[in-house]
Amino acid sequence: MTLILSHSDVAALIDRAEVLAAVERAHADLALGTAVVPAPPAVGVGATAFVPMVAAAESAGAAAVKLLADLPANRERGLPVQRSVILVTSALDGSCEALVDGRLVTAVRTAAASAVATKYLARQDSSTLGLIGAGALAIEHTRAVARVRDIDTVLAWSRSDATVERFRGAIADLGLEVRAMPSPESVTRAADVLCTLTPAREPIVRGAWFGEGLHVNAVGAPPRADHREVDGAAMRRARVIVDSIATTLTKSGDTLLAIADGAITEAEVSTELGQVVLGRTAGRVGPRDITLFNSVGIGLQDLVTARLLIDKARAQGRGTEVELSA
């Protein structure tokens, strides 16, 4: 039987602390070679990009593919610009275990990856979180980063004041001070941990604004080689850590455009987060270091999150079971 989990099923089942722990283990597994993430291809239909994000992991006993659709035109339709669905297949017998709506999975696992990077790369005394963008990803990132650092202040910038106010209400239970900031520069200069969470095509954050000791999670740019949130100077000034070298060198405009500009070389994109998690490679060496996690997102994060959801759904009798081969 194949389990189908809708968005409402995922929302009822997902445990953010469990996802954070699973994503941390998954990156370690990738470094150990017990998980595999090939660089994703992309198929274009007009302005729409379809990206199949494939992964397999021994720990999950499965392989998965998330088909991500990046549709800029949906903004005018009032629909999500990115939509996705995750198909999970058993490594034991090849059966289709589940079909999972990807919307909330993507947001939660993306924030979890940033939190793992923050855990290993940000200064221990980091207390001020800066957000460039204040939408759904900002809410998830605040909750995730607050699990790994003692955050007391959030500095948020958005083009819309209403978005910042919605964000303030959505995280009110955390008891954090939230300040609306006038510009990306003002956020960057004052933050200990900075998360860029916009679908920018041109850099919205400049490396010239980075202060000593800053950690950056560059997260929001879609997996398109011509989109980036940070400029070449940001990549040059920071010690750059990536989720997957192969994926980054295929899909990250932040990295590819910095290489094209001559700000960095491809050889400098050499450290994956899993290597830092395992202690094989140093992340932050001293309090003055500037670190940057270039997060493109990988299918392995989706797979391990889906594994949690599938197991919990079957234990609780949640979701819809169908017989595909009947």
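**Entry 1: the largest pocket**

I looked up the largest pocket in this predicted model, and its volume is about 1,200 Å³. I then asked which residues of its lining are the closest to its centre. Of the 42 lining residues, they are V81, Q82, L137, L197 and P199.

I next noted which elements build the lining. Strands β5 (62-70) and β6 (82-90) and helices α4, α5 and α6 each supply at least two residues. Helix α4 gives the most, with six residues. By class, I recorded 19 nonpolar, 15 polar and eight charged residues in the lining of this pocket.

**Entry 2: the cavities**

I turned to the enclosed spaces and asked how many cavities of 30 Å³ or more the structure holds. There are five. The largest of these cavities has a volume of about 60 Å³.

Its lining consists of R16, L20, V108, A111, A112, E140, R143, A144 and R147. I traced this lining to α2 (16-32), α4 (103-121) and α5 (136-145), each of which supplies at least two residues. Five of the lining residues are nonpolar, none is polar, and four are charged. I noted that α4 and α5 also each supply at least two residues to the lining of the largest pocket.

**Entry 3: H27 in helix α2**

I stayed with helix α2 and looked up H27, which lies in it. Is H27 buried or exposed? H27 counts as buried, because its relative accessibility is 1%, and the cut-off for buried is under 20%.

I listed what H27 touches, not counting residues up to four places away in sequence. The list holds A113, D243, L273, G274, I298 and Q301.

**Entry 4: strand β7 and its partners**

I then followed strand β7, which covers residues 96-101. Strand β1 (residues 2-5) runs parallel to β7, and three bridges join the two. Within this pair, L5 stands opposite V100.

Strand β6 also pairs with β7, but in the antiparallel sense, over five bridges. Here V85 stands opposite D101. I asked how many residues lie between β6 and β7 in the hairpin that they form. There are five, and G94 in the turn has a positive phi of about 75 degrees.

**Entry 5: E97 and R314**

Within β7 I picked out E97. E97 counts as buried, because its relative accessibility is 11%, which falls under the 20% cut-off. Leaving aside neighbours within four places in sequence, I found E97 in contact with M1, T2, L3, G61, A62, V88, T89, S90, R307, I310 and R314.

The last residue of that list led me to R314, which lies in helix α12. Its relative accessible area is 37%, so R314 is partly exposed; the class lies between the cut-offs of 20% and 50%. With neighbours within four places in sequence again left aside, the contacts of R314 are M1, T2, L3, E97 and E321. M1, T2 and L3 therefore appear in the list for R314 as well as in the list for E97, a buried residue.

I also checked a separation for R314. R314 and L176 are 138 residues apart in sequence and 36 Å apart in space, C-alpha to C-alpha.

**Entry 6: two exposed residues**

Helix α12 (residues 299-316) also holds Q316. Q316 counts as exposed, because its relative accessibility is 54% and the cut-off is over 50%. How far apart in space are Q316 and L13? They are 9.2 Å apart, C-alpha to C-alpha, with their positions 303 residues apart in sequence.

For a second case I chose E58, in the loop between β4 (48-57) and β5. With a relative accessibility of 62%, E58 counts as exposed. From E58 to T198 the separation is 140 residues in sequence and 34 Å in space, C-alpha to C-alpha.

**Entry 7: a β-α-β unit**

Finally I looked up strands β9 (residues 153-157) and β10 (residues 177-180). They run parallel, and four bridges join them. In this pair, A156 stands opposite A180.

I asked which helix joins β9 and β10 in a β-α-β unit. The helix is α6 (residues 161-170), and the unit is right-handed. I recorded α6 earlier, among the elements that each supply at least two residues to the lining of the largest pocket.

Technical notes
Residues are numbered from 1 along each chain as its sequence is written. This is a predicted model: local features need pLDDT of at least 70, side-chain atom pairs count only at pLDDT 80 or more; totals for chains, interfaces and linings use all residues. Side-chain values use heavy atoms; hydrogens and water are left out. On a 1 Å grid over the protein atoms alone, a cavity is a set of points where a 1.4 Å probe fits but cannot get out, and a pocket is an open set with protein on both sides within 12 Å along at least five of seven lines; lining residues have an atom within 4 Å of a point. Grid points are joined across faces, edges and corners, and a volume is the space filled by probe spheres set on the points. Ala, Val, Leu, Ile, Met, Phe, Trp, Tyr, Cys and Pro count as nonpolar, Asp, Glu, Lys and Arg as charged, and the others, Gly among them, as polar. Two strands pair if DSSP finds at least two bridges between them. A crossover is right-handed if, with the strands pointing away from the viewer, the path from the first strand over the helix to the second runs clockwise. Buried means under 20% relative accessible area, exposed over 50%, partly exposed in between (1.4 Å probe, protein chains only). Contact means heavy atoms within 4.5 Å.
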